[in-house]
Protein chains: 2
Amino acid sequence: MIHNDVLREKLAPLVRSVETIVPEPELLAKLESGRSLRCKFGIDPTSSTVHIGNGIPLWNLRRLQDLGHTAVLILGDYTATVGDPSGKDKTRPMLTPEAIEANLATWMDQLGMILDMEKVEIRRNSEWFRDMSFLEVLDLTNRMTVQQMMERDSFENRWARHEPISVREFIYCLMQGWDSVQVRADIELGGTDQTFNLTVGRRLMEQEGLPPQVALISPLLEGTDGQEKMSKSLGNAIGLTDSPKDMFGMAMRISDDLMPKYVRLATDISEEDEQALLAGNPMDAKLSMAEALTARYHGQAEGTRQREEFVRVFSRREAPTEMEEVEPPAPGDDGLWWIVDLVKHCGFAKSTGEARRLLEGGGVRLADEVVSDWRARVALTGGEVLRVGRRKQARLVIAP
Amino acid sequence: MIHNDVLREKLAPLVRSVETIVPEPELLAKLESGRSLRCKFGIDPTSSTVHIGNGIPLWNLRRLQDLGHTAVLILGDYTATVGDPSGKDKTRPMLTPEAIEANLATWMDQLGMILDMEKVEIRRNSEWFRDMSFLEVLDLTNRMTVQQMMERDSFENRWARHEPISVREFIYCLMQGWDSVQVRADIELGGTDQTFNLTVGRRLMEQEGLPPQVALISPLLEGTDGQEKMSKSLGNAIGLTDSPKDMFGMAMRISDDLMPKYVRLATDISEEDEQALLAGNPMDAKLSMAEALTARYHGQAEGTRQREEFVRVFSRREAPTEMEEVEPPAPGDDGLWWIVDLVKHCGFAKSTGEARRLLEGGGVRLADEVVSDWRARVALTGGEVLRVGRRKQARLVIAP
């Protein structure tokens, strides 16, 4: 959270999706300078799918654009060949240049759903790394100690678990920091898992005699399973390229525990509306969250449409999925069935007498119509639901 | 030590100055191939002085040359700019190219005292590192894990002591290993402090599909203080550029404990002669060791000359350095002194009677002449030594 009140006010549109600002006074000073600030966000093209978790800092970036600041996207085309620990702390494979370009193109399409792409400054880090000599790399690697590197949580954890850390991964941190030097970043945006790398950028900028960037850190969003950080490879991610229908459906699957976090981070629902929503009917709340989440990426009309569609499909499906299918006995010569026979045949009564009592009591419905005449003969076309009371029901299926 | 008997025989001239061969069977196979083997030795031009400790692997290299193998010297002109932990585990400063060239020239002069320089293959590692791209560096840094790096003793110790380790130092290990790949080394020579780096070379060669080099590791020689590894900066080193006189004098200063190691590693005294020498008079043993050490670098004639000179100077100096200087009282009118007065004046007798008894006993010598007449008047020109018995002596100094 942001502690400084003036800063909270200046960053009002972002305030709910910022976890930490390192350090707040420096950001306040930068904002008060009145300059258009250079806001860096690094794109890792080892993956091509952007999910709504990645979207959190990107929406913050969009809000900074709207406040008149400059979004500077770093395409890590050079860095992508290095590999980086993923959420699961595995070393990522190196990619071919072609795969990297394909991924970057996909990124750009998806970023267009969030950012004002016309005002974005796009930089490839190959621009400064391509011609860097070994001597310059050696200078870079002398900027940090092994001890400082090991302060990074993911390295520390892997060290503790005796999981291999490639020396190359240390260089990756330094490269990301060097990107900040190259673009003279004022702010770098990232999730909490990027905290260490963002401070490396600060350090390198200071060493170069530049005003250090401020780290604007957003919370991470758990995946729809509620267990792990959102990740496409774990199958718990809602991707920006997912259809509105899938997006809505995935959002509906999250647990109630995650609701406050999803409402706050994955939708544009305001703080006041959030209170009312979370206090109300849980199913309605989830529908509203899924609607707002879908609306964020596909517009309000699409969000509303998906909600209606979901409700319709969900209601229709509810019966069949919980219902036994029963093939009735052969009809009489007139093509009709005794209602008491159907009640017995479905196992809802053991005798004609019991069936009669149920029918006379008004507890039997066929195709949503109450049948209270126990001597009635009824017509079936197949697919009608026979209900007895609130619990017993069966779909009457007539073989062709 | 070398365990394999056949290998011991084949390497007879080196056997006393090898601590470990990693691994012995591979070296045996290489030797039995009958090929001229490529024997790598790395020159670190961050320092210009070569001392007799550095000389140990270099003499092994010379013996390999004499056995028909090829000495391949790697001039670490590129690596020198990286820095490396010294014996004291401090990060060395980077050097200017000019300083590196000056150091290398000095190295070459000194190597000429040991190697057959006409048959040496000299390679500069700038040859392969100068044009290495960042991507290639990244590939190199992916060859080892942080955990593997931390197995190096000096890193492990510094980690334990919370002393900073620059990320750059990891790269240095990899560069040294890459040198081995580039020159297709069969053997790399070094001291025990290089064991880790030599195995990095093995690893990288294997990764490149090359037959891995064998590490031929020599013991380290303690400095003349007997405390620390020999190092010019600690003032405990005998340098190859030191004059024969200084070399001999430094060698004479080592403690008796170090004698066996100096005889074995710093001289060409044979194993049989060593036994006799160490069993005899300690001072003679030390003179013989210092003579042989000096002879190794400056020839037998110079060694012998320094021994004679040292004995002469040492005997002459023994007296003055241990002696008090005393100014005698004024002489008589004849310019002479009563011998009894001089004995009393120097504090060797409390009364004329005591002085007389000492003189009559024959225990008083002036300028190495016994004076037994207690009534004698003696002449002094200044500088004469007055001795009483074996313990008491004083130099008589006459103020000008």
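Me: Which residues of H11(B) and H14(B) meet each other?

Reply: In this predicted model, the H11(B) side of the contact is made by Pro244(B), Met247(B), Phe248(B), Ala251(B) and Met252(B). They meet a set of residues in H14(B) that includes Met283(B), Leu287(B), Ala290(B), Leu293(B), Thr294(B) and Tyr297(B). Sorted by kind, the residues of this contact are 11 nonpolar, 2 polar and 2 charged.

Me: How should one describe the way in which two such helices pack?

Reply: Two packed helices are described by the angle between their axes and by the distance between those axes. Here, H11 (residues 244–252) and H14 (residues 282–298) of chain B have axes that come within 9 Å and cross at roughly 145 degrees. The crossing of H11(B) and H14(B) is right-handed.

Me: I should next like to read the contact between the two chains. How many residues does each chain give, and what area is buried?

Reply: Chain A gives 31 residues and chain B gives 31 residues. About 2900 Å² is buried between chain A and chain B, and carbon and sulfur atoms give 74% of that area. On the side of chain A, the residues that lose the most area to chain B are Phe134(A), Gln147(A) and Val167(A), which together make up 25% of what that side buries.

Me: What is the count of salt bridges between the chains, and what is the count of residue pairs in polar contact?

Reply: Between chain A and chain B there are 0 salt bridges. The count of residue pairs in polar contact is 14, with both residues at pLDDT 80 or more.

Me: Which elements of chain A give two or more residues to the side that touches chain B?

Reply: They are helices H6 (134–141), H7 (146–149), H8 (153–160) and H9 (167–183) of chain A. H6(A) provides the largest share, 6 residues. Taken as a whole, the side of chain A that touches chain B divides into 20 nonpolar, 8 polar and 3 charged residues.

Me: Let us turn to the backbone. Is the peptide bond from Val22(A) to Pro23(A) cis or trans?

Reply: That bond is cis, with omega near -15 degrees. Pro23(A) is placed in the loop between strand S1 (20–22) and helix H2 (24–32) of chain A. In chain B, a cis peptide bond joins Val22(B) and Pro23(B), with omega about -10 degrees. Pro23(B) is found in the loop between strand S1 (20–22) and helix H2 (24–32) of chain B.

Me: Is phi of His162(A) positive or negative?

Reply: Phi of His162(A) is positive, near 60 degrees, and this residue is not a glycine. His162(A) lies in the loop between H8 and H9 of chain A.

Key: Residues are numbered from 1 along each chain as its sequence is written. Chains are lettered from A and ligands numbered from 1 in the order in which they are written. This is a predicted model: local features need pLDDT of at least 70, side-chain atom pairs count only at pLDDT 80 or more; totals for chains, interfaces and linings use all residues. Side-chain values use heavy atoms; hydrogens and water are left out. Axes are lines fitted to C-alpha atoms, for helices over the stretch in contact, and angles run from 0 to 180 degrees between N-to-C directions. Helices (H or I, at least four residues) and strands (E, at least two) are DSSP runs, numbered from the N terminus. A crossing is left-handed if the near helix is turned anticlockwise from the far one by less than a right angle, and right-handed if clockwise. Contact means heavy atoms within 4.5 Å. Ala, Val, Leu, Ile, Met, Phe, Trp, Tyr, Cys and Pro count as nonpolar, Asp, Glu, Lys and Arg as charged, and the others, Gly among them, as polar. Buried area is the accessible area (1.4 Å probe) that two parts lose on being put together, summed over both. A salt bridge is a side-chain nitrogen of Lys or Arg within 4 Å of a carboxyl oxygen of Asp or Glu. A polar contact is a pair of N or O atoms within 3.5 Å; within protein, one must be able to donate a hydrogen and the other to accept it, and residues adjacent in sequence count only if both atoms are side-chain atoms.
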